[in-house]
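Student: I have a structure open in front of me, and I would like to learn how to read its features one at a time. Could we go through it together, starting with the idea of burial?

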Amino acid sequence: QIARSKQQKPEGTERWAHRLKWGLLLGLMALIYGSHAPLIALTKVDGRVPFSAASCVLLIESAKLLASLLSLALPGATSAPPPPPRLLLVAPYAVPAVLYALNNNLVVVMQAHMDPSSFQILSNLKIASTALLYSACLGKRLRSAQWVALGLLTAAGGFHSYSSLDLQGPQRVGVDGGPRLHVTAWGLLLVLMYCGVSGLAAVYTERVLKSQQLPLSVQNLYLYTFGVAINGLSSLSSIGGERGFLEGYSAVVWVIVAGQAANGLLMSVVLKHGSGITRLFVISSSMLVNALLSWAILGLQLTPRFPLPCALIGLAAYLYYR
């Protein structure tokens with residue numbers, strides 16, 4: 001009995017150490033996700049972003065690719081040299097890059113069919129679409145309590161977005177032809193496409209990472225090679241525009257590039273060893289981090305309803321992981 005108790009103690013310690021590492025990882029990701037919008041706000045000059053979004057995305061993908069190459073060069077990084085790339089092995093990694101590029105373009109097109117506040121609210125439907133695709137495509141059967149948890153997560157995102165609207169501001173003006181809350185029929189269709197593509201990209205990436213018995217650094221190498229190629233084409237198409245490739249870059253912009261690159265690498269760890277549902281909890285938690293940082297850095301005021309989405313996300317996490 002004494003031997004059994006001594007054996008159980010290290011197992012319990014190891015389990016708590018494992019939970020602590022995952023907690024720190026997910027907390028760091030939520031912090032990086034949540035700091036993205038406030039950092040972009042700090043870069044604005046006369047209310048406009050001074051750098052090219054296409055070049056920023058390309059630099060982020062290039063940084064992730066470089067980090068993957070460096071990880072392969074580290075001593076003991078892999079037990080065996082990576083296999084030579086074969087078409088059937090590498091081709092699946094092109095799909096996520098295409099899906100994410102499609103989503104980025106959908107975001108731009110959607111702005112013509114709805115106001116930004118409506119997009120902010122409706123985009124939370126990607127939580128539900130990801131959960132449905134996760135269950136259907138990966139064959140993961142969720143308990144009733146877990147479906148309730150994901151519903152609460154979607155509600156928390158929508159409520160947080162709605163409670164942050166300035167309903168007395170110019171978004172409500174419409175009598176005299178000014179800007180107002182609006183969504184066209186095409187806008188609703190584009191929202192459904194956006195949420196479906198977003199969920200499909202996450203679920204497909206998870207399936208590819210888990211189905212191939214390759215080191216994660218090798219898989220990242222394939223994944224971000226396509227990311228650099230596709231975003232490089234997008235960046236080339238914008239050459240000759242209003243801004244140069246590195247025009248308007250400041251220390252804050254480079255912090256954004258480094259943070260988003262790190263978050264992409266950490267997300268691949270979550271999809272490889274965790275699940276896409278965990279990714280949803282990270283994104284939902286990052287909304288709260290975003291609000292707190294906007295209050296601390298930009299001086300924006302939190303609404304009295306802010307604790308409600310916090311409580312909904314906490315309850316959702318309890319119901320899903322208990």
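Tutor: Let us begin with the words for burial: a residue counts as buried under 20% relative accessible area, as exposed over 50%, and as partly exposed in between. Please keep in mind throughout that this is a predicted model. With those cut-offs, Lys210 is partly exposed, because its relative accessible area is 33%.

Student: How many helices and how many strands does the protein chain have?

Tutor: The protein chain comes to 12 helices and zero strands, so that reading along the sequence gives the pattern α-α-α-α-α-α-α-α-α-α-α-α. Of its 322 residues, 41% count as buried. If we take the contacts between residues at least 6 apart in sequence, 86% of them join residues at least 24 apart.

Student: What should I look for when I read a salt bridge, and how many does the whole structure have?

Tutor: The general idea is that side chains of opposite charge can pair when their charged atoms come close. A search of the whole structure finds two salt bridges. In one of them, Glu206 pairs with Lys210, and the closest N and O atoms are 2.8 Å apart. Both residues lie in helix α8 (residues 185–211), where Glu206 and Lys210 are four residues apart, about one turn of the helix.

Student: Is Glu206 buried or exposed?

Tutor: Glu206 is buried, because its relative accessible area is 1%, whereas its partner Lys210 is partly exposed at 33%.

Student: Where is the salt bridge of Glu61 and Lys64 placed?

Tutor: Glu61 and Lys64 lie in helix α2 (residues 53–73), three residues apart, which is again about one turn of the helix. Their side chains meet with an N to O distance of 2.9 Å, and both residues are buried.

Student: Now I would like to read helix packing. At what angle do α6 and α8 pack?

Tutor: In general, two packed helices are described by the angle between their axes and the distance between the axes. Helix α6 (residues 125–137) packs with α8 at an angle of about 45 degrees, and their axes are 8 Å apart. That angle makes α6 oblique to α8, and their crossing is right-handed. The residues of this contact divide into nine nonpolar, five polar and three charged. On the α6 side they include Thr130, Leu133 and Tyr134, and on the α8 side they include Ser198, Val203 and Glu206. Glu206, which we have already seen in a salt bridge with Lys210, is therefore also one of the residues of α8 that meet α6.

Student: How do the directions of α6 and α7 compare?

Tutor: The axes of α6 and helix α7 (residues 144–163) come within 9 Å and cross at roughly 155 degrees, and α6 and α7 are therefore roughly antiparallel to each other. Ile127, Ala128, Ala131, Leu132 and Ser135 in α6 meet Trp147, Leu150, Leu153 and Thr154 in α7. The residues of this contact divide into seven nonpolar, two polar and no charged.

Student: Which residues join α10 to α11?

Tutor: Met267, Val270 and Leu271 in α10 meet Gly276, Thr278 and Arg279 in α11. These two helices pack at an angle of about 140 degrees, with their axes 8 Å apart, and that makes α10 oblique to α11. Here the contact residues divide into three nonpolar, two polar and one charged.

Student: Could we follow Arg279 further, and ask which residues it is in contact with?

Tutor: Arg279 has its place in helix α11 (residues 276–298), and it is buried, because its relative accessible area is 9%. Leaving aside neighbours within four places in sequence, Arg279 is in contact with Thr130, Ser198, Ala202, Met267, Val270 and Leu271. Two of these, Thr130 and Ser198, are also among the residues where α6 and α8 meet. The C-alpha atoms of Arg279 and Ile127 are separated by 9.7 Å, although the two residues are 152 apart along the chain.

Student: As a last case, where is Ser250 found?

Tutor: Ser250 is found in the loop between α9 (216–237) and α10 (251–273), and it counts as partly exposed, because its relative accessibility is 31%. Its C-alpha atom is separated by 7.7 Å from that of Thr43, and these two residues are 207 apart along the chain.

Key: Residues numbered from 1 in each chain as written. Predicted model: local features only at pLDDT ≥ 70, side-chain atom pairs only at ≥ 80, totals over all residues. Heavy atoms only, no water. Buried < 20%, exposed > 50% of the residue type's maximum accessible area, 1.4 Å probe, protein only. Contact = heavy atoms within 4.5 Å. Salt bridge = Lys/Arg side-chain N within 4 Å of Asp/Glu carboxyl O. Axes fitted to C-alpha atoms, helices over the stretch in contact; angles between N-to-C directions. Parallel < 35°, antiparallel > 145°, perpendicular 65-115°, else oblique. Left-handed = near helix turned anticlockwise from the far one by under 90°. Nonpolar A, V, L, I, M, F, W, Y, C, P; charged D, E, K, R; others polar.
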